[in-house]
Amino acid sequence: MEDYVVKLMVFSVAAWSTLFVAIRRIAFPKRSFDFCNRLVSTAHAFLAVSLAFSSIQDWSCPVCPLGSKSSPKQMQTLAVTVGYLIYDLVCCQFDKQVKLDNTVHHLVSITGLVAGLVYQRCGSEMVAALCITEISSPFLHSRELLKELGYRNTDLNLAADIAFAVIFTLARMIGGPYLTYVTLTASNPYLIKAMALGLQLVSGFWFYKIVRMIIFKLSTRSSSIKKQ
């Protein structure tokens, strides 16, 4: 792995940690640990998608060239996200409830991205994966942020739920399987292929949970309207 990539990863961990402390201690000292961490996660989502878009080499085929050497811009983009994932993995262990599926997702993502940085290959595929996984994150976090701000069980919160479900489905259950297929069929290292498959399996599990959540929310909403 290139020295500048390692340094950028270390800087990224420190930067995201510093941002969390600033939000927690200065900006929103009365808000919960989870609220502050979700603000950091939202900031990373916007930055990650922006960097990923800027590092795409061919907009006529965003995942091309397949199995090729990563460009410096792609490696920098991935290094920033690895630093964030390390920060978030550690940060989540201090929250009230540690979720196993979230921990597995972090470990799979870190392993896959680090493998790509070590091999210095598959930059196009991993940048595309970054777009797919992070594009729904702001909507995911807005759901919980709205609840803490007092908008639980409101039309606004329901709209955030539906927007998250739609974007997650389009990105991870349509774009995700396609990206997994081209990653598995391209001449990529076996570890990269395994991580791509693992990430898609985690996404499938989350999709199942999201469908159940939306069905419950809509049925509850319908029942409350009928009672009125």
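**Exercise 1.** In which helix does I174 lie? Then decide whether I174 is buried or exposed, and find the patch that includes it.

*Solution.* Keep in mind that we are working with a predicted model.
- Start with the location: I174 belongs to helix α7.
- Next, take the accessibility. The relative value for I174 is 54%, and exposed means over 50%, so I174 counts as exposed.
- Now look for its partners: I162, V166, L170, I174 and L218 make a nonpolar surface patch of about 440 Å².
- Finally, helix α7 (residues 155–185) gives the most to the nonpolar patch, supplying four residues.

**Exercise 2.** Describe the largest nonpolar core and find which helix gives the most to it.

*Solution.*
- The core has 25 residues, and F20, Y87 and L117 have the most contacts inside it.
- At least two residues come from each of α1 (3–27), α2 (33–55), α3 (72–92) and α4 (100–119).
- With 10 residues, α3 gives the most.
- To see one of these residues at work, trace L117: beyond its neighbours within four places in sequence, its contacts include M1, V5, M75, V82 and M126.

**Exercise 3.** Classify the aromatic pairs W16–Y84 and F53–W59.

*Solution.*
- The whole structure holds seven aromatic pairs.
- W16 and Y84 sit 5.8 Å apart centre to centre with 80 degrees between the planes, an edge-to-face pair.
- This pair joins helix α1 to helix α3 across 68 residues, and both W16 and Y84 are buried.
- F53 and W59, at 5.7 Å and 55 degrees, are tilted.
- F53 is partly exposed at 37%, while W59 is exposed at 55%.
- To finish, ring pairs link W16 and Y84 with F20, F33 and Y87 into a cluster.

Terms used. Residues are numbered from 1 along each chain as its sequence is written. This is a predicted model: local features need pLDDT of at least 70, side-chain atom pairs count only at pLDDT 80 or more; totals for chains, interfaces and linings use all residues. Side-chain values use heavy atoms; hydrogens and water are left out. A nonpolar core is a set of buried Ala, Val, Leu, Ile, Met, Phe, Trp, Tyr and Cys residues joined through side-chain atoms within 4.5 Å. Buried means under 20% relative accessible area, exposed over 50%, partly exposed in between (1.4 Å probe, protein chains only). Contact means heavy atoms within 4.5 Å. Patches are made of residues with over 30% relative accessible area and no salt bridge: like charges are joined within 9 Å, nonpolar side chains (Val, Leu, Ile, Met, Phe, Trp, Tyr) within 5 Å. Accessible areas come from the Shrake-Rupley method with a 1.4 Å probe; for residues, only the protein chains shown count as cover. A salt bridge is a side-chain nitrogen of Lys or Arg within 4 Å of a carboxyl oxygen of Asp or Glu. Rings of Phe, Tyr and Trp (its six-membered ring) pair if their centres lie within 6.5 Å; planes under 30 degrees apart count as stacked, over 60 as edge-to-face and the rest as tilted.
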